[in-house]
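Hi,

Here's the structure I promised to pass along. Have a look at it first, and then read on for my notes.

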Amino acid sequence: MHYVACWTEDDGIHFCDHEHPSVADAMNCLVPDGGSFIRAWDFGIFRSLSNREFIDFLESLESMPWSSRNKAQGGVLTVTAIR
């Protein structure tokens, strides 16, 4: 059981050749263009993420290097006061 990052191209769906142990680790291979996604490789078959795995995906989003939360001041989230 492992996870892979997948993306679409004109000739079909492709995936990274890594055997990521977690959803968060597989997210390091995502390209943040909206065309990539994570799939589980379970008993030799690709499957969609379970509800728990999808929650792991969502929780990992803000820690990704390409996240907008990490672009402000070198990873420090800035908060603007509302007046």
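Below is what turned up, starting with confidence and then moving from the sheet to one serine.

Keep in mind that this is a predicted model. The protein chain averages a pLDDT of 83, and 78% of the residues score at least 70. If you go element by element, β4 comes out highest with a mean pLDDT of 95, while helix α3 (residues 68-71) is lowest at 60.

Now the sheet. It's an open one with four strands in the order β2-β1-β3-β4, and the pairing is antiparallel. The edges are taken by β2 (12-15) and β4 (45-47); each has a single partner strand, so one side of each is left without a neighbour in the sheet. Going from one strand to the next, the twist averages 40°.

At the β4 end, β3 and β4 pair in the antiparallel sense over three bridges. If you want a spot to click on there, try D42, which stands opposite I45 in β4.

The residue I spent some time on is S36, found in strand β3 (residues 36-42). Is S36 buried or exposed? With a relative accessible area of 18%, S36 counts as buried, because the cut-off for that is under 20%. Leaving aside residues up to four places away in sequence, S36 touches C6, W7, L30 and V31. V31 also offers a polar partner: its backbone oxygen lies 2.8 Å from a polar atom of the S36 side chain.

Cheers

How values were computed. Residues numbered from 1 in each chain as written. Predicted model: local features only at pLDDT ≥ 70, side-chain atom pairs only at ≥ 80, totals over all residues. Heavy atoms only, no water. Helix = DSSP H or I, 4+ residues; strand = E, 2+ residues; numbered from the N terminus. Buried < 20%, exposed > 50% of the residue type's maximum accessible area, 1.4 Å probe, protein only. Polar contact = N/O pair within 3.5 Å; in protein donor to acceptor, adjacent residues only side chain to side chain. Contact = heavy atoms within 4.5 Å. Pairing = 2+ DSSP bridges. Axes fitted to C-alpha atoms, helices over the stretch in contact; angles between N-to-C directions. pLDDT = per-residue confidence, 0-100.
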